[in-house]
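This report introduces one protein structure to a reader who has not met it before. It follows a single helix, its surroundings and a neighbouring pair of helices.

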Amino acid sequence: MRGSGTFGVRRAATALALIGLLGTLPAAADSESRLGQVLDRIVANERDLAGQLERYRPLVETYIQTVEADPVLGSVPVRDNYFLGRLELPGPAAIADGGDKDRARKGKKKQRTLSLFDDFYSATFKPEAFARMLMLDRGAFDRTHYEFEFIRAEFLGEVRTLVFDVIPRPGKALHRRGSGRFTGRIWVEDQDYHIVRFNGIYAAVLTVNFHFDSWRLNMGPGVWLPAYVYTEEPDRALKQRQLTHKGQTRIWGYQVRRPDAEDEFTKVLIDGPETRDPNDRPGQISPVESARAWESEAEDNVLRRLERTGLLAPAGEVDTVLQTVVTNLEITNGLDIQPAVRCRVLLTTPLESFTIGHTIVLSRGLLDVLPDEASLAAVLAHELGHVLSGHELDTRYAFGDQVLLGDRQAMEQFVFQRDPAEETQADQRAFELLTNSPYKDDLGNAGLFLKALAAGAPELRALIRPHFGNRLAQEDRLQRMNRLVEAAPELEPASVEQIAALPLGGRVKLDPWSARIELMKNQRVALLSAREKLAFQVTPLMPHLVRHDSETARRAVPADEPPLARTGGSGAPGDTR
């Protein structure tokens, strides 16, 4: 391989020979040849990734904020956009221009590029541009079209990586179809040589492209799949760098398990001899119990459908934390609610909370930005107020045909909004619960969060537009719990002592493979200035990379799933379609 300019292999070969990073490869005549083997492995793995992704239909969510400079806060959002859809990579890999002619002829009629199919709601910049940030120049990322320069070895979390700068070769900056090629940096794990991170930009052709930082996580031995992308772009017309856009893209649900374990069909229950007195057998349950059971059936049907779609996180530790707060409210108010109140987490970013029967649902984005437990208690108390006020779930969902819906239909038909009278009634019950709760002395913090939310609502319309429930705010008017706002202190944007709301993405950790969530164990960081408060704002994502060994993978992937592939796409886990 011959380099040109500063992107030759001379520095790379010398550096790699010195640090001995190629010991796992067969011996070669010289270091340059051994480096060539590494690059060939990198290119082959990236090509095979397309085959792996064809097996899945994970959810893809992009949230973008347009920001402007602020003398105190650094930058503030002035508008936002949102997209939620499914990632699909149908058909054979696109054929790179200049590639094998026989392959090109065979695949000519079926060439397709990475695309997003909108199953739900779309109101953003073109989603196809963001899909390109998940894979590197699909079909054309190779040594024919790109030059590589080794920079250093670097740990990303617990994974050691090789870092390369990458640029298009002279005369190869554009595809024949007119789209631009990638320029930037890649991080390659040092065992099987998969790209685990890459950042840079695609050359702009007629449109404005974003700089992006794309991360992949290890889902099993030899399987690294897209998980997060952070994007930002400055105003190029200004001499001084000033951001104009920031965005987060998340991918999850590669292998969402159905909530009902299939092995239930294999269980055989053998009843023992009948020893009870026939007179002790219960008769038909009471009308009240029947009505509760009917609503519970509707509730469970909806929850199963949302979890199967990948929108609702599987039950786990975060639900337990939320239920602890609900239990505190119940105990201190002398409540015994039957059926018991449950809590679940919607995996999307827009801020919302709602009830499905006796289940309280909070979105991941809302959990991210809540600053403290009192603010969380206020949100939960409002939803608990709906339960105590008897605001029922539409029981048509108890009929099986009402939940046998496609993803788009489910998003359109599952509506859990309340009318203004019900919202007012829930607010009243919530205020009574909170004033008798362990959180009564910290309600000023909850009011401060709601006040900050109302202040940011006019600019953050996509963030406060719910998928299923009621809006938390409309324009600059709060839609609930106004009594807490009236008692809250004044907002002090310039004070680092007052934290009214947190940034997005800092509290809940989402597993892209299983859609399970857990709370991050972050250390408290002292803020240096008001610019670091970042209330409701998008921030870069910096995952802590780890490898899943074989034992971990066996625990994570059910026994009825195919084994994970080592370095190719032929043995990747099963389809979610």
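In this predicted model, helix α6 covers residues 317–332, and its 16 residues should span 22 Å at 1.5 Å a residue. The C-alpha atoms at its two ends lie 23 Å apart, which agrees with that expectation. Seen down the axis of α6, the buried residues fall within an arc of 145 degrees, so they line one face of the helix. These residues are Val318, Asp319, Leu322, Val325, Val326, Leu329 and Glu330. Just after α6, Gly334 adopts a positive phi of about 65 degrees.

The buried residues of α6 are covered by several elements, including those in the following table.

| Element | Residues |
|---|---|
| β11 | 342–346 |
| β13 | 359–363 |
| α7 | 364–369 |
| α8 | 373–388 |
| α10 | 420–435 |
| β17 | 517–519 |

Leu329 of helix α6 offers a detailed view of this covering. Its relative accessibility is 0%, and because buried means under 20%, Leu329 counts as buried. Leaving aside residues up to four places away in sequence, Leu329 touches Ala377, Ala381, Leu384, Leu433, Leu434, Ser437 and Tyr439. One of these partners, Leu433, is 104 residues from Leu329 along the chain, yet their C-alpha atoms are separated by 6.3 Å.

Two of the elements covering α6, namely α8 and α10, also pack against each other. Two packed helices are described by the angle between their axes and the distance between the axes. For α8 and α10, the angle is about 120 degrees and the axes are 7 Å apart. Angles of 65 to 115 degrees count as roughly perpendicular and those over 145 as roughly antiparallel, so α8 is oblique to α10. The crossing of the two helices is right-handed. On the side of α8, the contact is made by Ala377, Ala378, Ala381, His382, Leu384, Gly385, His386 and Leu388. On the side of α10, the contributing residues are Glu422, Glu423, Ala426, Asp427, Arg429, Ala430, Leu433 and Leu434. Ala377, Ala381 and Leu384 of α8, together with Leu433 and Leu434 of α10, take part in this packing and also touch Leu329.

The chain as a whole supplies the wider setting. The protein chain has 13 helices and 17 strands. Of its 577 residues, 51% are buried. Among contacts between residues at least 6 apart in sequence, 68% join residues at least 24 apart.

Note on methods. Residues are numbered from 1 along each chain as its sequence is written. This is a predicted model: local features need pLDDT of at least 70, side-chain atom pairs count only at pLDDT 80 or more; totals for chains, interfaces and linings use all residues. Side-chain values use heavy atoms; hydrogens and water are left out. Helices (H or I, at least four residues) and strands (E, at least two) are DSSP runs, numbered from the N terminus. The expected span of a helix is 1.5 Å times one less than its number of residues. Buried means under 20% relative accessible area, exposed over 50%, partly exposed in between (1.4 Å probe, protein chains only). The arc is that of the directions from the helix axis to the C-beta atoms. Contact means heavy atoms within 4.5 Å. Axes are lines fitted to C-alpha atoms, for helices over the stretch in contact, and angles run from 0 to 180 degrees between N-to-C directions. Angles under 35 degrees count as roughly parallel, over 145 as roughly antiparallel, 65 to 115 as roughly perpendicular and the rest as oblique. A crossing is left-handed if the near helix is turned anticlockwise from the far one by less than a right angle, and right-handed if clockwise.
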